2 protein chains.
Amino acid sequence: MGLKLTSNIEDYLETIIMLHKKNRVVRVRDISRKIGLSMPSVCAAIEVLSKKGLVNHEKYGYIELTREGENLGEKIYDSHKILIKFLKEILNTDPQTAEKDACKIEHGFSANTIKRLIAFVKFVETCPHPEGADWLKSFNYFYKYGKRPKGYKVRKIKEKS
Amino acid sequence: MGLKLTSNIEDYLETIIMLHKKNRVVRVRDISRKIGLSMPSVCAAIEVLSKKGLVNHEKYGYIELTREGENLGEKIYDSHKILIKFLKEILNTDPQTAEKDACKIEHGFSANTIKRLIAFVKFVETCPHPEGADWLKSFNYFYKYGKRPKGYKVRKIKEKS
DNA sequence: AAAGAAAGTTAGTCTAATCTAATATTACTA
DNA sequence: TAGTAATATTAGATTAGACTAACTTTCTTT
């Protein structure tokens, strides 16, 4: 029993992490509701996660993440969060679409790409003027009207380094 | 028989488009090799695509896209291309990873998000100085060293508008 | 044109992920 | 505390997508 997970199983793990964060106690029903699948499906998934050593689960009991499960889950959840951030704050997609898209693609990125995306979002966020907020505003204008807003140009100022 | 496609089936369609572009004639074997799956698997998929009216296929013959199949395939392929562009040119991931990641996530984005991404890439590409190429160079530095390169600052110059 | 190679198809099996229906356990409440 | 409601599990069926092995058709090569 290797530790190769299907993206499906990763979804369950991520859901458990999210529920854990707000409830501290996670049950089959909670996952079922959150993820929108039947309880038997959740049970089967928990069984798999348990065999992989990612959760502990006794019959009729709570579901608890192992150390390993938590680490992996956090990683997946991080991907999710950075994607949401990129979609919402940079591309400016509406929240629902962002959430939906992020869920679908979060398992597809390799670790390295995620690292780059994290850096990229940070880079954009911390851009000195005229990038940063204005830069994003400018993109929004560009998206809407197909051209850059008029009214300012920028030029590079060399500093003695 | 609706026109709801699994992303799996979309992969086949996309592969057909790509092969069509370079070979003009597409056979089961070509798809099998390109996509790395057995010929029976390809046959089964072609059967599905055929029932959906996206390809025409007579036994032992070539595979041809219908008008509808071509339209849809192009759309999927467009997503692929814009993702590759974003990954390679903006995030600067290595080509293999870019290709791999793009394949995995290309079915996950909603049409609207793709539109935004297309605009975004264009926006970055056409950024006037100090964005554009320099801006991307700057990001690369940022990715590598965790901070912006020293040596220039920018300031906004208002033009009479 | 006949033989062998390549390509395509069919048949049957497997796994992952889902479901519903039925059963079992636990929790709540009157 | 007894009965009901909520939750959890088991059993069994279904679907999609993959495979191998065996068979059929088409192509190629001598």
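**Close-up views of a predicted protein–DNA model**

**View 1. Lys59 of chain B at DNA strand C.** In this predicted model, an N or O atom in the side chain of B:Lys59 is 2.9 Å from a phosphate oxygen of DNA strand C. A phosphate oxygen of the strand is also 3.0 Å from a side-chain N or O atom of A:Tyr12. A:Asn8 places a polar side-chain atom 2.9 Å from a sugar or linking oxygen of DNA strand C.

**View 2. The protein surface near DNA strand C.** DNA strand C is surrounded by 19 residues, and the closest are A:Thr6, A:Ser38, A:Ser41, B:Arg29 and B:Cys43. Of the atoms of this strand that come within 4 Å of the protein, 82% belong to sugar and phosphate. At least two residues of the surface come from each of these elements: helix 1 and helix 3 of chain A, and helix 2 (28–35) and helix 3 (39–51) of chain B. By residue class, the surface near DNA strand C comprises 10 nonpolar, five polar and four charged residues.

**View 3. Polar contacts of chain A with DNA strand D.** A backbone N or O atom of A:Arg29 lies 2.5 Å from a phosphate oxygen of DNA strand D. A:Tyr60 likewise uses a backbone N or O atom, which lies 3.2 Å from a phosphate oxygen of DNA strand D. For A:Lys59, a polar side-chain atom lies 2.9 Å from a phosphate oxygen of DNA strand D. Two or more residues of the surface near this strand are given by each of helix 2 and helix 3 of chain A and helix 1 (7–23) and helix 3 of chain B.

**View 4. The protein surface near DNA strand D.** Here 18 residues surround the strand, and the closest are A:Arg29, A:Cys43, B:Thr6, B:Ser38 and B:Ser41. Sugar or phosphate accounts for 82% of the atoms of DNA strand D within 4 Å of the protein, and bases account for the rest. The residues of this surface are nine nonpolar, five polar and four charged.

**View 5. Helix 2 of chain A and its surroundings.** Within helix 2 (residues 28–35) of chain A, the buried residues are A:Val28, A:Asp30, A:Ile31 and A:Ser32. An α-helix has 3.6 residues a turn, so residues three or four places apart point the same way. The cover over the buried residues of helix 2 includes helix 1 (7–23), helix 3 (39–51), strand 1 (55–57) and strand 2 (63–65) of chain A. After helix 2 of chain A comes A:Gly36, with a positive phi near 75°.

How values were computed: Residues are numbered from 1 along each chain as its sequence is written. Chains are lettered from A and ligands numbered from 1 in the order in which they are written. This is a predicted model: local features need pLDDT of at least 70, side-chain atom pairs count only at pLDDT 80 or more; totals for chains, interfaces and linings use all residues. Side-chain values use heavy atoms; hydrogens and water are left out. Buried means under 20% relative accessible area, exposed over 50%, partly exposed in between (1.4 Å probe, protein chains only). Helices (H or I, at least four residues) and strands (E, at least two) are DSSP runs, numbered from the N terminus. Contact means heavy atoms within 4.5 Å. A residue is near a molecule or strand if one of its heavy atoms lies within 4 Å of it. A polar contact is a pair of N or O atoms within 3.5 Å; within protein, one must be able to donate a hydrogen and the other to accept it, and residues adjacent in sequence count only if both atoms are side-chain atoms. Ala, Val, Leu, Ile, Met, Phe, Trp, Tyr, Cys and Pro count as nonpolar, Asp, Glu, Lys and Arg as charged, and the others, Gly among them, as polar.
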